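Let's take a walk through a protein fold together. Have a look at the picture first, then read on.

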Amino acid sequence: MSVDLEKTLRPIDADLPPYPAKWVTLASGDEMVIRQVGRDDVSTLLAHVEPLIHVERDYYDIVAARVYAELLAYHVHRVQDEYVLVAQIDGELAAVVNGRQVRPGLGMSLHTLALRRGLRIGAHAFAAKMEYHMDILGHDEVLVVAESPIGFRRWMIEYQLEERFDTPHELGGVPSYALTRELFERARSKLVVGRRPVPAELLAKAQEAILPPTDPPTPPADLLAATRARYDTTGTALMLQRRIQEQGVHDA
Ligand SMILES: CC(C)(COP(=O)(O)OP(=O)(O)OC[C@H]1O[C@@H](n2cnc3c(N)ncnc32)[C@H](O)[C@@H]1OP(=O)(O)O)[C@@H](O)C(=O)NCCC(=O)NCCS
């Protein structure tokens, strides 16, 4: 490809100020660092996001597929003004969140993906990106949608987001909701937690490497078994049948 065409295809990003890293103490006692990452980190993130494309539960599949595409677009400069934040516990990837600036004053929340469950890690990571839009980028409003019922509970209900149904969101063109500055200030003391600066040792550990998640969501052992047969609620017979069939294929 000619250098000139690449110049046309590649958007020129605005000079956005960086997100200042913070650390959050989780209910488990773990210390979690939330920080911004750059294009050099994308290939590591892609390797950890890709397996989630095959997890149907809780809409991980569609969200992971979209996050994968957004990270790739960021890496190869095919998206305007995107940022990516990660949450890490002992270096391990615990969440990925991203968004972009549509224009000065207006933010677009893209995705939130939790790679460890049950500790409100996704909720903290989402709060961090709202903090970025409001406190650092100075946006008046952030457009948000949810692809999953858990996401709807976490964002629309917990923040009491306002309807902006005349504005299609970039994620599928569905009607948007909005976090306004007023709603953010109302939620701040309850939902936006964390401290700065991050202790040097904790930050160094996070920056050293983005390690694979140790307990990420995974697909069920057998998709057919997951549908549950009427007289075999564990799906054991289906799994055995599947194994025998697979054995037959290998032996053929
Ligand atoms: C939406 C999301 C980011 C929220 O992350 P989170 O705040 O860390 O919350 P979790 O997903 O861990 O837990 C959500 C609920 O399910 C329960 N839960 C589900 N699976 C669980 C598991 N394996 N272990 C423990 N709890 C689990 C939690 O107890 C929690 O209940 P609560 O709402 O009463 O607190 C996360 O569910 C996710 O990544 N989902 C898939 C992608 C997605 O939908 N993203 C948002 C797009 S709008």
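What follows goes from the sheet, to one of its strands, to the ligand.

## Before we start

Keep in mind that this is a predicted model: local features need pLDDT of at least 70, side-chain atom pairs count only at pLDDT 80 or more, and totals for chains, interfaces and linings use all residues. Residues are numbered from 1 along each chain as its sequence is written.

Helices (H or I, at least four residues) and strands (E, at least two) are DSSP runs, numbered from the N terminus.

## The sheet

Eight strands make up an open sheet, with mixed pairing and the order 1-2-3-4-5-6-8-7. Two strands count as paired if DSSP finds at least two bridges between them. Strand 1 (22-25) and strand 7 (162-168) sit at the edges with a single partner strand each, so one side of each has no neighbour in the sheet. From one strand to the next, the twist averages 30°; angles here run from 0 to 180 degrees between N-to-C directions, and axes are lines fitted to C-alpha atoms, for helices over the stretch in contact.

The partner of strand 7 here is strand 8 (residues 175-180): the two are antiparallel and share four bridges. In that pairing, E162 has A178 as its bridge partner.

## Strand 5 and its neighbours

Is strand 5 mostly covered or mostly open? It's mostly covered, with eight of its nine residues buried, meaning that 20 or more other C-beta atoms, placed from the backbone, lie within 10 Å of a residue's own (12 or fewer is exposed, in between is partly exposed).

On one pairing, seven bridges join strand 5 to strand 4 (residues 92-103), and the two run antiparallel. V97 stands opposite T112 there. These two strands form a hairpin with two residues between them, and G105 in the turn has a positive phi of about 100°.

Strand 5 also pairs with strand 6 (residues 141-144), in the parallel sense and over three bridges, with G107 opposite V142. Add helix 4, and strand 5, helix 4 and strand 6 make a right-handed β-α-β unit: with the strands pointing away from you, the path from the first strand over the helix to the second runs clockwise.

## Around the ligand

Which residues are closest to the ligand? They are R117, G118, G122, S148 and G151, out of 21 that surround the ligand; a residue counts as near if its C-beta atom, placed from the backbone, lies within 6 Å. Helix 3 (60-75), strand 5 (106-114), helix 4 (121-136) and helix 5 (149-157) each give two or more residues to this shell.
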